[in-house]
Amino acid sequence: MAKQYDVAVIGAGAAGMMCAAVAASNGKRVVLIDHAAKLAEKIRISGGGRCNFTNINAGPANFLSANPHFAKSALSRYTPQDFLALVKKHRIAFHEKHRGQLFCNDSAEQIIEMLKTECADGNVTWRMPTNVESLEKMEDGFLLATDTGDILADAVVIATGGLSIPKIGATDFGYRIAEQFGLAVVEPRPGLVPLTFDGPAWEAFAPLAGIALEVEVETGSGKGKGAIKGKFREDLLFTHRGLSGPAILQISSYWQPGTPIVLNLLPDVDVAAELIEGKGTLKKQMGNLMSQWLPARLAESLLAACDIALDARLADMQDAKLRKLGDAVNRWAIVPTGSEGYRKAEVTLGGIDTRELSQQTMMANKVPGLYFIGEAVDVTGWLGGYNFQWAWASAQAAGLALA
Ligand code: FDA
C-alpha cells in the first residue's frame, strides 16, 4: 500500500531540509527522501567544516543565471537576516570572516542539527537511504516508486542539487526529471572550480605551486547578447596543475572555454610607469626590484618570461621592455586549458531553466505540483555564502507556496 503525503521532497540537503521544515511547520504532511546514507554531506564539508551559511550582503547581483532577474523575488522575500534569525534562535555562535561571509564558530554540524530540529518540530517523515526509481504524475498528485516502498504525494519538490562532488552523492536526478516532464535545462558545467593550464605559455609558472598573493582577475567581453563579464579582487594560489584560490574560483564561473582570463598581479602598482619613472633614481637590479613587490620566485618567472636577466640594471633597460614587463604583471592574459571539473567544483552552473518555473513559488509552469529548488535550478552564487542563501530562499518560497 502506498503511503500518502501532502508533499514529497526529494533530496535532504540544504534546500530540501529547509523546504520540508517550512511546509511541515504550516501543517503539511511531508516526507523527505534522500539516497545518501549520511545526511547533508555538503553542509558538513562546507566552509572548511564551519559552513559559510550566508552572506549578509547577498543580493541578485551576486548570482549568475540565464535570467538574472529570476532570483530577485525569492531573495528579497527571504533575506540573510531571516536566516540569521533562525541561527540565533538555535543559539549557534557565528562570526563574520571576510566581506559579509558568516561562519559557525564551532561546526557545520550545528546547521545540520538546526535543520533536523526544524523538521522534527513539523513531524517530517524521513526516508533515508532511499532511491526514487520513478516519478509519475497521476490524475491527482504524484506516484513515487522507491526501493523502500511506493509514496503518493499531492506535490513533489526536487531538491537534489547539482553535479559537483559525485563521490558524496551528487546525481543528475533533477535534470532527468526535468527532461521527463519536457522542461528545458540550461547546460550544466562546473563552477567555483580551480582552472588548469599547460603548454609553453605556462611552463615558466609551473614550478610556482604554493605561492599565494592578492590579485585582480577578470574575464569576458561584456559585449553582445548574453555576454557575461566578471571581475574580482581576491587571493590567487599557484597549484601543481594551474591556478586556484578564491580569485580563480570566482572567475571560473564567468570563464568561457577558449577565452583568456586577465590577471593583475599587482593591482595597486602600475609597474611600467613606476619603473620608467624610476630609471634615473632607482639603482637596483631588476630581480631585486621586482621582488620588492612580488614573491621572489614569481618575480623570477615573470622576468624570465619577458627575457630580462635577474641582474639586469633598471637604468640600462629600454622603455619597451619595461612596458612588456608591466603588461605581464598588470595585464597577464592567459587561456586556461580547462578546469578541475565536478570532482573539485563547489557548485554546478546551469540547471533547470528558470523560464520553466514561477519565480514566486518555484513550481514548474507546465506541471502543477512539481517544484525545483536550490542548486538544481539555473541560479548560481558567488563564493562566500551566496549558494546557501539561494538554497534557503528558494526553499522558503516553495515551502510557503505549498503551505
Ligand atoms: P545539496 O547538494 O546540498 O543537496 C542535494 C541532496 O540531494 C543531497 O543530500 C544528495 O544526497 C541528494 N540527492 C542527489 N541525488 C539524489 C537522488 N537521485 N535521489 C535522492 N537524493 C538525491 N555554499 C555556501 O554558500 N557556503 C559554503 O561554505 C559552501 N561550501 C562548499 C564547500 C564544498 C566543498 C562544496 C562542494 C560546496 C560548497 N558550497 C557552499 C555550495 C553548497 O554546498 C551548495 O550550493 C548547496 O549545498 C546546494 O544545496 P542543495 O540543497 O540544492 O543541494
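A nitrogen atom of the ligand is 2.9 Å from a polar backbone atom of Asn52, a polar contact in the sense of a pair of N or O atoms within 3.5 Å, where pairs within protein must also join an atom able to donate a hydrogen to one able to accept it, and residues adjacent in sequence count only if both atoms are side-chain atoms. The model is a predicted one, in which local features need pLDDT of at least 70 and side-chain atom pairs count only at pLDDT 80 or more, while totals for chains, interfaces and linings use all residues. Residues are numbered from 1 along each chain as its sequence is written, and side-chain values use heavy atoms, with hydrogens and water left out.

The backbone also meets the ligand at His35, where an N or O atom lies 3.3 Å from a ligand nitrogen, and a side chain does so at Thr171, whose N or O atom is 2.6 Å from a nitrogen atom of the ligand. Taken alone the ligand exposes 1000 Å², and the protein buries 92% of that, the areas coming from the Shrake-Rupley method with a 1.4 Å probe, in which for residues only the protein chains shown count as cover.

The shell around the ligand holds 30 residues, the closest being Ala15, Asp34, Thr171, Glu375 and Phe388; a residue is near a molecule or strand if one of its heavy atoms lies within 4 Å of it. These residues divide into 13 nonpolar, 13 polar and four charged, where Ala, Val, Leu, Ile, Met, Phe, Trp, Tyr, Cys and Pro count as nonpolar, Asp, Glu, Lys and Arg as charged, and the others, Gly among them, as polar. Helix H1 (14-25), helix H2 (41-45) and helix H13 (386-402) each supply at least two residues of the shell, and H13 gives the most, with four residues. Helices (H or I, at least four residues) and strands (E, at least two) are DSSP runs numbered from the N terminus.

Asn52, whose backbone meets the ligand, leads on to strand E3 (52-55). E3 belongs to an open sheet of three strands in the order E3-E6-E5, with antiparallel pairing, where two strands pair if DSSP finds at least two bridges between them. E3 and strand E5 (94-96) stand at the edges with a single partner strand each, so one side of each is left without a neighbour in the sheet. The twist averages 25° from one strand to the next, with axes taken as lines fitted to C-alpha atoms, for helices over the stretch in contact, and angles running from 0 to 180 degrees between N-to-C directions. Three bridges link E3 to strand E6 (residues 101-104) in the antiparallel sense, and Gln101 in E6 is the bridge partner of Asn55.

The loop between E5 and E6 contains Arg99, whose phi is near 45°, a positive value in a residue other than glycine. Arg99 counts as partly exposed because its relative accessibility is 44%, given that buried means under 20% relative accessible area, exposed over 50% and partly exposed in between (1.4 Å probe, protein chains only). Asn123, in the loop between helix H5 (109-121) and E7, likewise has a positive phi, near 60°, and is exposed, with a relative accessible area of 64%. Beyond E7 (125-127), the loop leading to strand E8 (132-137) holds Pro129, and the peptide bond from Met128 to Pro129 is cis, with omega near -5°. Most residues other than glycine have a negative phi, and most peptide bonds are trans.

A second open sheet has seven strands in the order E17-E16-E13-E14-E15-E12-E18, again with antiparallel pairing. Its edges are strand E17 (332-334) and E18, each with a single partner strand, so one side of each is left without a neighbour in the sheet. At the E17 edge, three bridges join it to strand E16 (residues 261-264), with Val262 partnered by Ala333. Further in, strand E13 (residues 212-219) and strand E14 (residues 230-238) pair over eight bridges, and Leu213 stands opposite Leu236 in E14. E14 then forms a hairpin with E15, with three residues between them; the two strands pair over two bridges, and Leu243 in E15 is the bridge partner of Phe238.

After strand E18 (338-339), the loop to strand E19 (347-352) contains Gly341, which counts as buried at 15% relative accessibility. Across the whole protein chain of 403 residues, 54% count as buried, and the chain has 13 helices and 21 strands.
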